[in-house]
Amino acid sequence: MTKAFYSSGDVIADRRADYARMLAEGGDHAAAAELMDQALEIVPEWAAGWDLLGSYHEKTGNVAGAISAWRRLEALDDDGVFGARLKLAAHNAGAAGEGTAVSYVEALFDQYAPQFEDSLVGKLGYRVPEMLDALVVEEMAALGIERFAKAIDLGCGTGLMGEKLREKVVFLEGVDISSAMIAETARKGIYDNLQKAELVAALNARRAEADLMTAADVFIYCGDLQPVLAALVPALKPGGLVAFSLEAHDGEEAIFLRPSLRYAHGVAATRDALVVAGLEVLRFETATLRQDRGAPITGILVLARKPAVELTAANDSASGGHVAA
C-alpha cells in the first residue's frame with residue numbers, strides 16, 4: 001500500500017510524479033523511479049516524493065537506492081508519518097525503535113479506512129475476527145458465561161471484531177488510533193463507546209474494568225509484547241479474558257519486522273511473554289490469518305485469562321500462611 005499523494009507545490013514536479021505513478025501502476029517501476037528523481041531535483045524537500053521514490057526502487061530490487069531515498073525521507077519527516085524508520089529497519093539499515101510507530105500507523109489507517117473491509121476481507125481472505133470469536137464462544141460455554149458485562153475491542157478498526165462480539169456483551173467499547181477508522185465504525189452503531197487513542201495509553205488509564213479484551217491483528221504493529229501486556233493485564237478484571245492474534249515466525253528472534261512493516265512474533269517468545277505477564281494460557285494455536293501478495297500469512301491465535309485470585313505474599317500472610325524471608 002502506498003502513501004496518499006501529496007502535492008509538492010510545484011506544477012512540473014507534480015506532473016512528473018503523476019506520470020511516475022502511472023508508470024508504476026503499469027508495472028514499470030524503473031521508469032517511475034527515473035521520473036521521481038527528476039521531480040525531486042526540482043523539489044528536494046518533498047517528503048512524500050522521497051517516499052514514492054523509495055517504494056519504486058524497492059520494487060525494482062534496488063535496495064541501496066530505496067535506502068538512500070528513505071534516509072532523505074527520515075530527515076524530512078519529523079513526525080514519522082511515512083514510516084521511514086521502519087522501512088530502514090526492515091532492510092537492516094537502522095533500528096526499528098521501541099513500541100508502536102504511532103504517527104505512521106495512524107496515517108496508514110486514516111488513508112486505508114474507506115477501502116479497508118473491501119481490501120482485507122474481499123481480496124485477502126481475512127478471517128481473524130471469526131477465528132478469535134470461535135475461541136471466545138468455546139470458552140464462554142466451558143465457563144458458563146452467557147454475556148460479558150464489559151468488553152474492550154483494541155484496534156477496533158471498522159468494527160469487524162465488534163460485530164462478532166456485540167450480542168455477547170452488555171457494554172462494548174472500541175479503541176483505535178485512527179480517527180478515520182473511528183468515523184467508519186461509528187456509522188454502524190456497533191459500539192457503546194468509541195475512543196481514539198494509542199492502545200497502551202488507553203490501557204494505562206484503566207484498572208480492572210473489562211471482562212474481555214480483543215485485539216484482532218493489532219499487536220502486529222506494536223513490536224515487543226511485554227509493554228502491551230503489562231498495560232493490558234491490570235485493565236482486566238480478575239478472571240477476565242483476552243483474545244488476540246499475531247503474525248508468527250519460526251526464527252530465534254522474539255520479534256521480526258517484515259518488509260510489510262508488520263511485526264512477526266516468535267512462538268516461544270510469545271508463550272514466555274504471556275507467562276511473564278501473569279496470564280493463564282487457555283488456547284494457543286497457529287492458523288492462516290489471510291493472504292498477502294499471493295502467499296498465506298501464518299499467525300498465532302491466543303486466548304488467555306487473568307487469574308481470578310492474585311496470589312501475593314500479603315494474601316498468604318492474611319490467610320495464616322507462612323512467608324519465607
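Strands β4 (residues 210-215) and β5 run parallel and are joined by 5 bridges, and this pairing is a good place to enter the predicted model. To find the register, look at Thr214: its bridge partner in β5 is Ala243. Between these strands, you can follow the chain through helix α12 (residues 225-235), since β4, α12 and β5 make a right-handed β-α-β unit.

Let's stay with β5 for a moment. This strand covers residues 236-249, and 11 of its 14 residues are buried. What else does β5 pair with? Strand β9 (residues 295-305) is one partner, and here the sense is antiparallel, with 7 bridges between the two strands. You can locate this pairing at Phe244, which stands opposite Val302 in β9. Strand β7 (residues 263-266) is another partner; it runs parallel to β5, and 3 bridges join them. Here His249 is the residue to look for, with Gly266 of β7 as its bridge partner.

Now move on to helix α13, which spans residues 267-276 and has Thr270, Ala273 and Leu274 among its residues as buried positions. Why do these buried residues line one face of the helix? Viewed down the axis of α13, they fall within an arc of 100°, so they share one face. The face turned away from that buried side carries Ala268, Val275 and Val276, which are exposed. And what covers the buried residues of α13? The cover includes helix α12 together with strands β5, β7, β8 (280-292) and β9. Several of these elements will be familiar from the walk so far: α12 belongs to the β-α-β unit, and β9 pairs with β5. After α13 comes Gly278, whose phi is positive, near 85°.

Finally, step back to the whole protein, which has 14 helices and 9 strands. Its C-alpha trace spans about 80 × 50 × 35 Å along the principal axes. How does the radius of gyration fit with a compact globule? For 325 residues such a globule would have a value near 20 Å, and the protein has 22 Å, which agrees. Of the 325 residues, 49% count as buried. Contacts tell you about the fold as well: among those between residues at least 6 apart in sequence, 60% join residues at least 24 apart. As for the surface, the protein exposes about 15,000 Å², and carbon and sulfur atoms supply 51% of that area.

Conventions. Residues are numbered from 1 along each chain as its sequence is written. This is a predicted model: local features need pLDDT of at least 70, side-chain atom pairs count only at pLDDT 80 or more; totals for chains, interfaces and linings use all residues. Side-chain values use heavy atoms; hydrogens and water are left out. Buried means under 20% relative accessible area, exposed over 50%, partly exposed in between (1.4 Å probe, protein chains only). Helices (H or I, at least four residues) and strands (E, at least two) are DSSP runs, numbered from the N terminus. Two strands pair if DSSP finds at least two bridges between them. A crossover is right-handed if, with the strands pointing away from the viewer, the path from the first strand over the helix to the second runs clockwise. The radius of gyration is taken over C-alpha atoms; the globule rule is 2.2 Å times the number of residues to the power 0.38. Contact means heavy atoms within 4.5 Å. Accessible areas come from the Shrake-Rupley method with a 1.4 Å probe; for residues, only the protein chains shown count as cover. The arc is that of the directions from the helix axis to the C-beta atoms.
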